Amino acid sequence: MKSAANKYRRRWGDRPDGRKLRTLDPLFCVAPHIMRQRSGSSNFFSGSVDITQADRYIRDKRRENMPGLGMLHFFIAAYIRTVSQKPALNRFVSGQKIYARFGIDINLT
């Protein structure tokens with residue numbers, strides 16, 4: 001199976017973990033120059049989510065054949081689904097240039 005990195009022809013300026021985005025709206029190209037540090041571009045969300053349906057689903061699946069399924073699995077699956085449907089969320093900035101990641105990575109610490 002080919003990886004996502006092999007789908008694109010590597011061009012000058014691309015990185016091993018992502019390709020450089022060359023056709024962006026100028027507003028997005030200016031943002032890395034305005035917010036020079038990582039903390040300047042942080043987004044915070046405060047809210048509550050009703051998880052009664054998700055909890056019921058997880059309990060049913062545990063009874064059927066998935067005893068190790070938990071709420072963390074549910075949120076990771078939701079994150080992967082969101083990022084796969086909205087690829088603009090899977091971008092990063094390096095050297096004041098914007099790149100699109102080749103894959104979806106999850107890192108828990």
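**Exercise 1. Classify the exposure of Phe-75 and describe the aromatic pair to which Phe-75 belongs.**

Solution. Phe-75 has a relative accessibility of 44% and therefore counts as partly exposed, since that class lies between the buried limit of under 20% and the exposed limit of over 50%. The model under study is a predicted one. The partner ring is that of Phe-74, whose relative accessible area of 33% also places Phe-74 in the partly exposed class. A pair of aromatic rings is described by the distance of the centres and the angle of the planes. For Phe-74 and Phe-75, the centres are 6.2 Å apart and the planes stand at 80 degrees. Planes over 60 degrees apart count as edge-to-face, and the pair of Phe-74 and Phe-75 is accordingly given as edge-to-face.

**Exercise 2. State which two residues form the stacked aromatic pair, and place them in the strands.**

Solution. The structure holds two aromatic pairs. The stacked pair is formed by Phe-92 and Tyr-99, with 5.4 Å from centre to centre and 20 degrees between the planes. The limit for stacking is under 30 degrees. Both Phe-92 and Tyr-99 are buried.

The next step concerns the backbone. Strand S2 covers residues 91-94 and strand S3 covers residues 97-101; the two run antiparallel and are joined by four bridges. Tyr-99, in S3, is the bridge partner of Phe-92. Two residues lie between the strands of this hairpin, where Gly-95 takes a positive phi near 65 degrees.

**Exercise 3. Identify what lies over the face of Tyr-99, and give the salt bridge of that residue.**

Solution. Arg-15 lies over the face of Tyr-99, at 5.7 Å from the ring centre. Arg-15 also forms a salt bridge with Asp-17, in which the closest N and O atoms are 3.0 Å apart. Turning to accessibility, Arg-15 is partly exposed at 28%, and Asp-17 is partly exposed as well, with a relative accessible area of 32%. Tyr-99, by contrast, is buried.

**Exercise 4. How many salt bridges does the structure hold, and how far apart along helix H2 are the partners Asp-55 and Arg-59?**

Solution. The structure holds five salt bridges. One of them joins Asp-55 to Arg-59, with the closest N and O atoms 3.2 Å apart. Helix H2 spans residues 52-64, and Asp-55 and Arg-59 are four residues apart in this helix, so about one helical turn separates them. Asp-55 is partly exposed at 28% relative accessibility; Arg-59 is partly exposed at 45%.

Helix H2 also contains Glu-64 and Lys-61, which are three residues apart, about one turn of the helix. These two form a salt bridge with the closest N and O atoms 3.5 Å apart. Glu-64 has a relative accessible area of 54% and is exposed, whereas Lys-61, at 22%, counts as partly exposed.

**Exercise 5. Which residues make the nonpolar surface patch, and in which helix does Leu-72 lie?**

Solution. The patch is made by Leu-72, Tyr-79, Ile-80, Ile-104, Ile-106 and Leu-108. The area of this patch is about 520 Å². Leu-72 lies in helix H3, which runs over residues 71-85.

Technical notes
Residues are numbered from 1 along each chain as its sequence is written. This is a predicted model: local features need pLDDT of at least 70, side-chain atom pairs count only at pLDDT 80 or more; totals for chains, interfaces and linings use all residues. Side-chain values use heavy atoms; hydrogens and water are left out. Patches are made of residues with over 30% relative accessible area and no salt bridge: like charges are joined within 9 Å, nonpolar side chains (Val, Leu, Ile, Met, Phe, Trp, Tyr) within 5 Å. Accessible areas come from the Shrake-Rupley method with a 1.4 Å probe; for residues, only the protein chains shown count as cover. A salt bridge is a side-chain nitrogen of Lys or Arg within 4 Å of a carboxyl oxygen of Asp or Glu. Buried means under 20% relative accessible area, exposed over 50%, partly exposed in between (1.4 Å probe, protein chains only). Rings of Phe, Tyr and Trp (its six-membered ring) pair if their centres lie within 6.5 Å; planes under 30 degrees apart count as stacked, over 60 as edge-to-face and the rest as tilted. A charge sits over a ring if NZ of Lys or CZ of Arg is within 6 Å of the ring centre and within 35 degrees of the ring normal. Two strands pair if DSSP finds at least two bridges between them.
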